[in-house]
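Welcome! Please take a look at the sequence and the structure shown here, and then let us walk through them together.

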Amino acid sequence: MRGTLHTVMIWLRPDKAALAGVPALAYFLLGFVLPLGLMVSISFGAPHWTLANYQTLGNAGLFWPLLDNTLRTTAIVTVVTLVLGYPYAYAMSRARTRVAVLLGAVMLFPFLVSTVVRSFTWVFILEPGGVVPKVLELIGIAHPPVLLGTELGVVIGLTQVELPFVVFPIFAALTAVKSDYLAAAASLGASPPRAFALVTVPLSMAGVAVGALLAIVYTLGSYITPELLGGQGSTMIGQGIALEVQTSLSWGIASTMGTVLFVVTALVLIASVRLGGQRLLGGR
Amino acid sequence: MKRAGMIALAILVAGEVLFLLGPTIITVIISLGKSPLVQFPPAGFSVVWYKLVATSSQWTVPALTSLVAATLVMVIGTTIGVAASFAIVRSGVRFRSAAASLLLLPLITPAMLISLGLALVMTSLRLAGTMEGLVIAQGVTAVPYVIVNCSISLRNIDPSVEWAAQSLGATPGRTLLHITVPLMRRGLIAAAMFAFLASWDDAIIALFLNGPSLTTLPVFLLGQASQNPSPAIAAAAGYLSFVALLVFALVVSVGMGIPTAGVARPRAEQNGRQ
């Protein structure tokens, strides 16, 4: 036993500095790995190990719309944040320093105000008689769409919450595109739009991938924004988990939904590492 | 053609600025209203809702609970995270970069999952609804933020500065206190701020760990906002936005190097000369 330990110690080459990492590792194992492991094992009915929870959930009829809402909202929010975030990041990367810092600050500000506040400020604005419906009526839209309590409301709120996560990685990637590259493309006869499409866009794809990954993962598990801005037709899986815990006290079903969310999130992460490879995690 | 593109981009970006800041500005205006109903624009202005939020125990007790929890999370998270950053950057142990990536996993895991898992653990340990349970749980998400910020600034410190101090007779403890910590001050400030915010802003992990005698401000706000949106909530949002603005000013000034550029470098040189 001592011999084995000795071999391991030599192989790992620990030193005094390595000991400083032990508390964090222990915290990670007890505060992250153990709880998630417990969640998964409870979903399988530990200690009896059955699929009963999964059967109940699959037959309940309530779960499938929840999963459907979650995946659809995530897809819409990711596309919208990328469409809005790319031009913003591009403007930041091409603007004079002062303007760029200001644009970054504007993007960071809602990020620092708590998510609860960020989400419920939209309640005042989207509710019937709120600012947006009033403005829509002024423009001449006689019957403005219902915004609060719908999927559209959730998408608007989540887009604002996720936008910084998309803009900053794209901005970081775009600052690496030097103006020399564009000058080189121009000298070889490329028009500015062509140079943008053939030089700038491909070089910024790593940032787009990181931004999309963060938007997907955070939207999949969102709770606060859909809870405040959504309605019965737009319930997401995070809300389902909270409902099971808080009102039905059904830890088994909550853990089962949690495990499904965990698997979907893990699949997204694994797929992104496969697609983006080293660039995403280890790349600089 | 090129000009038209630039104008279109400027209009789009201006629209997004409005989208990002508009809701907060409108909420602050609503919070300054007189009427107990949400009105925009308000019929008359007053600070009555700010006074109410600052004096009623309904609001001050959760605010104090959040302040205590966030301070504890900041201290514990920063201590553990800074130590881990040293192990990641300075040790020769194998798999340290793999371990570092593992330790960052809580950042890309939906908070609802961490919350559910920790609620299961804390309930069986009978720590649900206690300050200890809450702080331990929120610390799980605080440590990775500290590691990200501190390992970057630690990596930028030239170890030869520390060797110089030690060769001149400074003990390792003295070197850490007088050389390394001042040099990594920017990273430390950012790390502590993120660790604080990991608790102060959290409504999801706290959601299952709050108890009858323990309610944090975000969870209280969430309950109020879904039951009866009122100008009082808008006033609370006004306070929180103001705090965010202060924190933000601190970060921008630190990030742009206004206070530290003039202070940190000469001091490091002085210490080097001792």
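What follows is a short tour of this predicted model.

## Chain B as a whole

Let's begin with chain B. What is chain B built from, helices or strands? Chain B has 13 helices and zero strands. If you read along the sequence, every element in the pattern is an α, written α-α-α-α-α-α-α-α-α-α-α-α-α. The C-alpha trace of chain B spans about 70 × 65 × 40 Å along its principal axes.

## Where the two chains meet

Now look at the place where chain B touches chain A. The contact draws on 73 residues from chain B and 75 residues from chain A. Together the two chains bury about 6600 Å² between them, and 82% of that area is on carbon and sulfur atoms. On the side of chain B that touches chain A, helix H1 (residues 2-31) of chain B gives the largest share, with 13 residues. Sorted by class, this side of chain B has 57 nonpolar, 11 polar and five charged residues.

How many salt bridges link chain B and chain A? The count between them is zero. There are, however, five residue pairs in polar contact between chain B and chain A, with both residues at pLDDT 80 or more.

## Two helix pairs in chain A

Next, zoom in on chain A. Two packed helices are described by the angle between their axes and the distance between the axes. For helix H5 (residues 63-94) and helix H6 (residues 97-112) of chain A, the axes come within 8 Å and cross at roughly 145°. The crossing of H5(A) and H6(A) is left-handed. On the H5(A) side, the contact is made by Tyr88(A), Ala91(A) and Met92(A), while H6(A) brings Ala100(A), Leu103(A), Gly104(A), Val106(A) and Met107(A). These contact residues divide into seven nonpolar, one polar and no charged.

A second pair to find is helix H7 (residues 115-126) of chain A and H8(A), which pack at an angle of about 35° with their axes 5 Å apart. Here Phe124(A), Ile125(A) and Leu126(A) of H7(A) meet Val131(A), Val132(A) and Pro133(A) of H8(A). The contact of H7(A) with H8(A) has six nonpolar residues, no polar ones and no charged ones.

## One residue in H8

Stay with helix H8 (residues 131-139) of chain A for a moment, and find Leu136(A) in it. Which residues does Leu136(A) contact, leaving aside its neighbours within four places in sequence? They are Ile141(A), Pro144(A) and Pro145(A). You can also try comparing sequence and space: Leu136(A) and Gly230(A) are 94 residues apart in sequence, and their C-alpha atoms are 20 Å apart.

## A salt bridge inside a helix

Side chains of opposite charge can pair when their charged atoms come close. Over all chains, the count comes to three salt bridges. One salt bridge joins Asp68(A) and Arg72(A), where the closest N and O atoms are 3.2 Å apart. How are Asp68(A) and Arg72(A) placed along the chain? Both lie in helix H5 of chain A, four residues apart, and that is about one turn of the helix.

How values were computed:
Residues numbered from 1 in each chain as written. Chains lettered and ligands numbered in written order. Heavy atoms only, no water. Contact = heavy atoms within 4.5 Å. Axes fitted to C-alpha atoms, helices over the stretch in contact; angles between N-to-C directions. Left-handed = near helix turned anticlockwise from the far one by under 90°. Nonpolar A, V, L, I, M, F, W, Y, C, P; charged D, E, K, R; others polar. Buried area = accessible area lost by both parts, 1.4 Å probe. Salt bridge = Lys/Arg side-chain N within 4 Å of Asp/Glu carboxyl O. Polar contact = N/O pair within 3.5 Å; in protein donor to acceptor, adjacent residues only side chain to side chain.
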